[in-house]
Each structure stands twice: as structure tokens, then as C-alpha cells.
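Visitor: Hi, I'm new to this one. Could you walk me through it?

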Amino acid sequence: MANVSVSKKACSVNPLKMSQPIGGALAFMGLRGAMPLLHGSQGCTSFGLVLFTRHFKEAIPMQTTAMSEVATVLGGYDNVEQAVLNIYNRTKPEIIGICSTGVTETKGDDVDGYIKLIREKNAAVAHLPIVYVSTPDFKDAFQDGWEKTVTRIVETMVEAPKSAARRDPTKINVLPGCHLTPGDLDELRTIIEDFGLEPTFLPDLAGSLDGHIPDDFTPTTIGGVGVEEISMMGQAGWTIAIGAQMRQAAEAMQKKTGVPFRLFERLCGLEANDALMSFLTDISGRPAPMKYRRQRGQLVDAMLDGHFHIGGRKLAVGAEPDLLNEIGGLLTEMGAQLLVAVTTTQSPVLERLPTEEVLIGDLEDLENLAKAKDCDLMVTHSHGRQAASRLKIPFFRMGIPMFDRLGGGHQLMVGYRGGRDLIFDISNLLMADHEDNHEPTPDSWRDGVGPSHAATSH
Amino acid sequence: MSSLSATIQDVFNEPGCGKNANKSEAERKKGCTKQLQPGGAAGGCAFDGAKIALQPLTDVAHLVHGPIACEGNSWDNRGAKSSGSNLWRTGFTTDINETDVVFGGEKRLFKSIREIIEKYDPPAIFVYQTCVPAMIGDDIDAVCKAAREKFNKPVIPINSPGFVGPKNLGNKLAGEALLQHVIGTEEPEYTTPYDLNIIGEYNLSGELWQVKPLLDELGIRIMACISGDGKYKEVASSHRAKAAMMVCSKAMINVARKMEERYGIPFFEGSFYGIEDSSDSLREIARMLIERGAPAELMDRTEALIAREEAKAWAAIAKYKPRFEGKKVLLITGGVKSWSVVAALQEAGLELVGTSVKKSTKEDKERIKELMGQDAHMIEDMTPREMYKMLKDARADIMLSGGRSQFIALKASMPWLDINQERHHAYMGYVGMVKLVEEIDKALYNPVWAQVRKPAPWETAGENWQSRAMAQAEAEAAALAADPVKAEEARRAKKICNCKSVELGVIEDAILANNLSTVEGVREKTNASGGCGACAVRIEEILAQMVSASHAIAAE
Ligand code: SF4
């Protein structure tokens with residue numbers, strides 16, 4: 001039972017958190033032919049754009065209503081209308097997803113009302129799907145923006161089936177949290193398909209931001225789940241939601257369409273994937289394919305090999321709640337101690353973390369606590385690089401943004417295979433660190449200092 | 001807010017800005033903030049610009065007052081380098097919440113300043129205002145003043161909420177803040193006749209250090225670099241320098257000019273990009289220092305150094321000539337000063353097939369014509385599809401551009417090199433140009449290109465996505481060629497003014513119907529060039545073309 005506290009500082013130093021609207025915008029990017037539109041000043045969009053481009057190393061679709069000082073005071077109807085029409089004329093999107101920002105929420109623009117009016121006044125966009133989500137920057141965090149946006153998409157775009165008979169038990173809805181990478185989604189798709197089931201991912205970042213090469217220059221997203229497919233999600237047999245953040249969306253789906261859901265708070269590690277396998281066996285009526293029996297063996301083997309290096313490690317993790325739960329959980333199961341856990345926003349999952357204290361704070365907190373508790377492995381996104389180098393401890397990058405390394409979008413965590421890869425990557429990092437920095441020398445033996453970290457090697 | 005709008009007016013009245021000087025009084029008042037188009041493109045906000053300009057001051061704590069978006073989404077995203085303190089890389093923000101929005105964020109701001117002083121004790125704190133606190137009326141000037149008195153430490157307000165305008169306005173507002181609160185507030189320990197300020201240089205990738213050794217060798221001291229690798233105390237005492245070099249006129253001309261006005265420090269605009277530019281700049285620095293009292297022998301030493309460095313650089317570059325034979329380069333830089341690298345590339349034997357001139361002035365364009373010939377391929381505004389086609393048709397072998405268009409080249413499986421802000425290599429000075437040529441060579445001859453262009457085994461010829469994209473482009477071009485009416489339509493549909501969204505046809509019609517001959521006239525009738533004014537050059541060209549066409553008709 002972890003005790004959750006909130007940092008008392010007035011000044012956030014080295015933010016771990018990113019803003020809610022760009023979390024929402026990312027969710028829209030998992031839809032095909034989508035143009036995410038931030039209702040706010042131009043800078044808010046520009047910063048989000050740079051952030052995502054640096055992380056995914058892909059061209060990113062994202063637009064702004066370009067609110068000026070004057071427009072902000074007078075209200076943004078004209079800007080929203082112009083933006084919608086401009087986007088419609090120029091890029092012919094299949095859907096426009098609008099997220100508000102702090103700027104427009106402070107004034108209190110009624111965007112839903114605007115959209116109604118825009119549709120009435122402009123026949124061209126009368127039937128264009130436009131989804132609006134309220135996501136002020138001064139509340140909550142990235143993960144919350146994602147959560148609200150997916151929920152909103154379910155509420156507004158999924159159609160209730162006309163009769164129960166139209167349900168198709170082989171169809172599965174998957175609602176992934178924003179802590180999963182495009183690589184994770186691909187892995188999940190393969191697993192589910194191997195049980196003879198047909199998954200629909202909402203959102204589907206694997207289709208849009210997995211680094212494939214487009215046929216053409218589309219200014220909107222180039223892949224992802226289509227508007228049509230979303231509307232039919234009500235006919236699926238089950239919904240699988242991944243991460244506590246997706247409970248709300250899964251519930252909304254059930255409420256609207258009657259599709260039952262199963263929430264997996266974790267999908268990284270042995271037990272978590274055993275649970276997934278049995279669930280898929282149950283709902284498909286098929287035994288787990290041979291492939292996964294072998295992969296399970298490989299994960300077990302990796303855990304045995306890796307525990308020498310990971311066991312006893314004093315771990316400091318900074319991540320959004322669900323990612324924190326995944327990686328903190330896996331490494332704790334391998335014998336590491338989650339001594340420092342810093343996160344960005346409230347979540348029911350925090351209390352269940354295998355640690356005593358969870359702090360909603362920033363990377364300064366992570367650094368100070370890691371120092372105080374003498375941690376010897378840090379896991380967080382790229383912004384943790386300075387802290388880790390000051391502390392001179394090994395640093396494993398996870399989460400968004402990962403701008404100073406390649407392949408963040410393909411980092412694998414889910415499935416037996418994901419767990420295996422992650423254990424190898426982290427163990428190798430620790431081994432390299434040991435060789436580089438902690439090999440005993442005649443001097444260290446003489447002084448009785450010995451290797452300076454606590455890994456139980458050999 | 002009223003003092004902010006006064007400051008904005010003031011920076012727009014900048015007589016040092018060439019574009020401004022040509023405008024009428026009323027036009028100047030309107031300023032050059034471009035009214036952005038909702039749903040059009042997005043650039044950075046004024047806050048972004050201010051932070052970019054000032055954050056390279058390395059020992060200062062940069063505190064962003066606002067919700068998490070402004071700092072949380074963006075910190076640690078610039079490649080400036082520091083020779084000392086790394087405090088500038090620490091992200092500080094008040095991360096204001098709902099309660100602050102309702103009751104005001106001033107208390108939180110004050111407490112934040114105190115926490116920073118207690119924990120980090122920097123020589124100064126810069127406080128950046130952003131949109132939300134500006135809207136709810138947080139008075140950061142007052143908070144900074146109170147903090148300054150309480151803690152006896154410079155706490156400097158930077159009034160640049162994002163919604164007042166684009167990035168370049170933010171650069172200027174940052175400069176104003178320095179002029180108002182920093183420059184001239186401290187005295188240097190000593191001065192020499194060789195004291196130089198460098199203004200508008202950000203030391204991206206440590207570029208300044210490619211030039212600094214040369215200045216060191218000449219005994220010239222960089223008194224303050226504003227702001228690359230700058231330190232607070234240096235900037236505060238920079239009013240005692242003898243001369244200044246302004247590296248980027250767009251960003252901080254107000255600082256250079258007002259320092260000349262207030263402290264009599266003459267400045268010139270120079271560049272260390274390109275070999276000849278570097279030499280010119282060194283000469284100019286020496287000349288100005290001598291004028292202000294340095295011994296005349298400085299010039300001889302400077303000339304000797306230039307001769308030595310140029311010879312070294314040209315020799316290094318010449319080695320690449322045989323390898324670059326017949327290789328063609330497409331240069332997309334936003335157009336600012338692209339000609340300064342053109343000379344070096346040509347010296348290396350590369351052929352320039354096009355360069356963008358979107359932001360270039362008339363003089364820049366003249367320079368390009370001089371270097372590349374009358375038929376220089378100047379690109380106003382290339383769509384991604386056009387760039388792609390150019391690369392695909394092998395009309396260019398490599399593209400040099402900023403990060404934004406990298407994906408076009410990469411998706412076309414063509415070499416690309418970053419020459420804008422996020423580059424990993426430093427290209428300044430003599431060594432920098434050699435480095436650039438080296439990097440081009442590496443990119444061009446990388447065997448990866450042959451690999452990635454190979455079709456997949458299951459693809460039949462002409463069936464891959466690249467040929468489909470090409471076929472589509474060709475079909476469009478063919479359709480236009482076959483149909484003169486459509487072609488004319490397409491020609492007339494070309495956007496000339498992006499801010500006000502005015503097309504070529506509209507402008508031509510207005511010129512003919514009203515017998516217009518000036519940009520002002522066109523603006524009055526069509527609203528073109530009523531925004532940022534960048535298209536004024538294009539309109540002038542249209543006018544010139546139509547005049548010469550009508551003369552030709554008259555002569556027949
Ligand atoms: S536009 Fe305003 S709210 Fe948005 S990032 Fe810039 S300063 Fe912050």
C-alpha cells in the first residue's frame with residue numbers, strides 16, 4: 001500500500017509532467033485522416049509539435065486556432081470556425097479533433113456550442129466528424145488528456161448496436177493507454193490475432209506513428225483507426241482496456257453499447273501476461289498457440305538470468321502512473337526495490353504500487369530522493385538525462401519524450417517477448433555500467449571500498 | 001499590459017530594421033506581427049522567442065510563470081552550449097493550477113523565486129510571463145520588484161506572453177528586457193581597447209567556440225556574448241565594450257542599436273557563416289576597434305590571420321572537388337543569408353540547383369544572382385510535394401534544410417543534412433565550412449542510399465510507393481499541360497500573400513484594373529502584404545514583370 005503525497009513546492013523544477021492538451025492531441029493522432037487542433041495560442045501547438053517530432057522522428061499533424069491576445073479576450077468563435085474551414089479545405093481530413101488549452105479555458109470558450117454553429121453556417125462541414133475535448137493546461141497531465149479524449153471519442157463516435165444479434169464475438173476492442181508504444185500495439189495485435197480474434201485499436205498509434213513510409217504526402221495522419229471502424233466498435237464481443245487510465249473509456253463503451261470489458265492494469269511481466277493469455281483463451285475458446293508457450297519459457301529464462309543484475313537494485317522511477325506501474329512492477333518482481341517513485345497526476349493505481357511512498361512531483365524531486373536513498377538505477381524519459389549523469393548512475397529511458405535516442409516508438413514492454421527484451425536491455429545496461437565504473441581495482445580492495453553498488457553479482 | 005503594448009510599439013518602430021524604414025508612419029504602427037491563420041501553419045509564440053533569445057545566458061535561472069504547457073512541453077530542447085554553469089538547462093516553472101487561475105498566481109511566483117534563490121542561488125533570475133497569467137492579470141513586474149528588494153538580487157521580468165505575437169517579436173521583447181533591466185547595471189573589473197560585444201549569437205552546438213580561438217589569438221576579448229554562452233555579469237557590464245558585432249539582425253537589432261545610442265558602442269552586422277563572410281567580419285571588427293582606440297597594428301595581424309586561415313580552409317575544401325563533380329544541392333534554409341554558404345559549396349565543386357528565398361531581402365536575392373547566375377533557381381515557397389519531386393527526379397542529389405523538411409528527403413530516400421537550429425555539428429568560421437563540406441561528403445557517399453532504394457523482392461517494377469507518388473505528381477502536371485485553361489487557373493491560384501491569403505490572379509487583376517504601380521496600391525486594393533509584409537518583395541517582382549510585359553506590348 002503506497003502512500004501518495006503531492007510535492008509542496010511552489011516552483012516545479014525540471015518538469016516530469018507534460019500538458020493535458022497534447023496528450024489529447026496524441027490520442028487523435030491514432031485516428032486515420034485526423035487533424036488534431038489545439039484551441040489556443042500558436043505556441044502551445046508549436047511546442048507540442050516539436051516535442052512529438054523529436055520523439056517519433058516523423059512529420060506530425062497538428063494545428064492551432066492561433067488565438068491572438070485580442071481574440072482571446074473577445075472569445076474564439078471566429079478562430080475555431082476559420083481553423084475548421086481552413087483545415088477542411090486544405091487537408092480534407094476524415095476527422096478534426098479539438099482540444100482546449102489553458103488560454104481558452106481561462107476565458108471559458110463554449111466550443112461545443114461553436115461547433116454546432118459552425119455546422120449550421122457551413123454546409124461543407126455539416127457532417128464532418130468534429131470531436132471536442134476540454135483539456136486545460138492548468139489541470140491534470142498528459143495521461144489525463146489522453147484518457148479524456150479516448151472517452152470522448154467513444155461517447156460521440158461509437159454507435160450503439162441496433163440489436164444484440166449484430167454482435168460479433170470474434171471482434172475485440174482494444175483501448176490502450178498512452179504508455180504503450182506503437183511497438184507494443186503491434187505486439188498486442190499479433191497476440192490477439194493469433195487467437196483467431198480481430199482487434200480494433202482505439203487509438204491506433206501503430207498505424208499512424210510507427211515510422212512506416214507513406215504512399216503520398218498527407219498533411220493529416222496516414223494510418224490509424226478509421227471513423228467507420230470506430231462507429232462499429234459497439235458490435236464487438238469484448239473490450240480489452242490497458243492501464244488504469246482506460247477504465248473510464250471502457251465504462252463509457254459498456255454503457256453505450258453493452259460490450260463488456262476487462263481491464264488489464266499491467267501487461268508487462270510474467271503474471272500479467274499469463275492473465276492475458278488465459279483471458280484470450282477463455283473468450284476465443286482456443287488454447288494458447290505454441291509460440292506463446294515457448295515465449296513464456298524464454299521470459300522465465302530471462303528473469304532467471306537477469307535477476308543477478310537487477311536483484312537488489314535500488315530503483316528510482318519517474319513516469320506517468322500507468323507506465324510507473326508497469327516498469328516498477330516488473331523490476332520489483334525481479335528483486336529490485338522501488339525506493340523512489342515520482343509521478344505526474346493522481347490515479348487509483350498509485351496506491352497499489354509496490355513501494356511505500358509515491359510523490360506527485362518533478363525531476364528535481366526524483367533526483368534528490370534518488371540521491372538521498374542512494375539509488376543505483378534511474379528510469380524516466382529523456383529529460384532525466386542530466387539528473388542521472390549528475391548522480392552518476394545508470395539511466396534507462398522510458399516514456400515520452402525520448403529525443404536523444406532512436407527507437408522509442410518501438411521499445412517493447414508488453415507480451416512475454418516485451419518483458420524478455422526489456423529485462424535484457426536493462427541488465428545489459430547494468431552490466432556495462434559495472435564494467436565501466438565499478439570493477440574493483442587493487443586500490444579499492446586495499447581501501448576496503450570494493451565495488452560501490454549493491455547489485456548481488458555472481 | 002499597457003506598458004507591454006508600448007514596448008511592442010517601440011520595437012516595431014525600430015529604425016535599424018530595413019523593412020521598417022521603408023514603411024509609412026501608419027504602417028510602422030501596425031507593426032510586423034503577422035496575423036496567423038487559424039488552421040494554417042504554426043510557429044513558435046512570443047514566449048518561445050524570448051526564451052530562445054535569453055536562455056543561452058547560462059548562469060541565470062529561467063523561471064517560466066504559467067501552466068505546465070509552456071515549459072513542461074518544451075524544456076531542454078535547444079542545442080546551445082555552455083562553457084561554465086549548466087543552470088540554464090534546468091527547467092523552472094510555476095506550473096500554475098486551477099486555484100491559481102481563480103485567485104491569481106502572484107504568491108506562487110514569489111515563493112518560487114524564493115525557492116530558487118535558496119536552492120540554487122544564481123546571480124539573477126529571469127521571470128517569463130505567459131498567456132494564462134497575463135490574462136488573469138498577474139503583475140510580474142511588481143512581483144519581480146518586490147523579490148528584487150527582498151532578496152537583493154536581480155529578478156528580471158520578461159514580458160512576452162505567447163499570444164502577443166510570433167517568435168521574432170519575442171526575440172525583440174527579450175532584447176528590450178535586457179536593455180531595461182540588465183545592460184549597464186554593473187561595471188566590469190577592467191576594460192581593454194579590444195573589448196567586443198557579440199549580439200544575437202546563440203552558440204548552438206558550440207559554434208561560437210569555432211571562432212573564439214581566432215579572436216583570442218588576435219587578443220580581442222568577447223566582453224559579452226548576447227546571449228550564447230553568456231553570463232549575467234558580462235551582459236550587465238557589456239555597456240563598456242568598444243564595438244559590437246550583430247550576428248542575427250532579425251533577433252536583436254534593437255539591442256545593438258540602442259547600445260549604440262546610449263553608450264556610443266558602434267556595431268556592424270556580420271556573419272561567421274562562409275569563408276568570405278568570416279574574413280569580412282574579422283576585418284570589420286579590427287577596423288572598428290582601431291577606430292575606437294586600439295593600435296593600428298591590429299589590422300596587420302588580422303590580415304595575416306585571415307590569409308593563413310583562408311588558405312587552410314580553401315585547401316581543405318578543394319580536396320573534395322573531384323568527389324563532388326556533377327553533384328547537385330538543393331538549399332532550403334528559410335532564405336536568411338543562404339548566399340553566405342553558397343560560395344563555399346561552389347568552391348567545393350557542388351552545383352546549386354536551387355535555394356529558397358522565402359525570407360530573403362532584395363539585396364540577398366541580388367547576391368544570390370551574382371553568385372549563381374541570372375537564372376538562379378530561387379524558390380519562394382516550395383510545397384513538400386515539389387521538393388520531393390525535385391529530389392526524386394534527381395534534379396538534386398542532396399537537400400540541406402532545417403529539421404522540418406527532413407522527412408521529405410528521407411522518405412524520398414535521398415541524402416539530407418540539417419543546417420538549421422537543431423543540427424549536431426557546428427558550421428561557423430573557417431573550420432565550420434570545412435566541416436560542412438565534410439558532412440555533405442559523408443551523406444552523399446553513404447552506401448545506405450543504394451540499399452534503401454532497392455525495391456522489395458515482391459515488388460514489380462513501378463509498383464512501389466515511390467513510383468506511385470511520382471506517377472501521381474506527373475499525372476497532375478500532364479493534366480495541367482494538356483489544358484491551358486486549367487494551367488492558367490493553377491498559375492493564378494498561386495498564393496502570394498500567406499497572411500491574408502491573396503492569390504496571384506487577384507493581384508494581377510487589381511494591378512490591371514487600377515493601373516497600380518506600388519506595393520502600397522496593391523495592399524490597398526487586395527489586402528495583400530497587409531500581414532507580415534514578407535511578400536512585398538514578391539509583389540514588387542510581379543509589378544516589375546507586368547510593367548516590362550506591357551512595355552514589350554507597347555513596343556510591338
Ligand atoms: S502561446 Fe502562451 S500558453 Fe501557449 S506556449 Fe506560448 S506562452 Fe504558453
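Visitor: How many salt bridges does the rule find across the interface of chain A and chain B?

Guide: Four, going by the rule, which asks for a side-chain nitrogen of Lys or Arg within 4 Å of a carboxyl oxygen of Asp or Glu. One pair that fits it is A:Lys139 with B:Glu98, whose closest N and O atoms are 3.8 Å apart.

Visitor: Any background I should have?

Guide: This is a predicted model, where local features need pLDDT of at least 70 and side-chain atom pairs count only at pLDDT 80 or more, while totals for chains, interfaces and linings use all residues. Residues are numbered from 1 along each chain as its sequence is written, chains are lettered from A and ligands numbered from 1 in the order in which they are written, and side-chain values use heavy atoms, leaving out hydrogens and water.

Visitor: OK, how many residues of chain A are in contact with chain B?

Guide: 59 residues of chain A, and they meet 64 residues of chain B; contact here means heavy atoms within 4.5 Å.

Visitor: And how much area do the two chains bury between them?

Guide: About 5200 Å², 57% of it on carbon and sulfur atoms. That's accessible area (1.4 Å probe) lost when the two parts are put together, summed over both.

Visitor: Switching topic: which strand of chain B pairs with strand 2 of chain A?

Guide: Strand 2 of chain B, residues 92–93, in the antiparallel sense over two bridges. Strands are DSSP runs (E, at least two residues), numbered from the N terminus, and pairing takes at least two DSSP bridges.

Visitor: What stands opposite A:Val13?

Guide: B:Phe92, in that strand 2 of chain B.

Conventions: Helix = DSSP H or I, 4+ residues; strand = E, 2+ residues; numbered from the N terminus.
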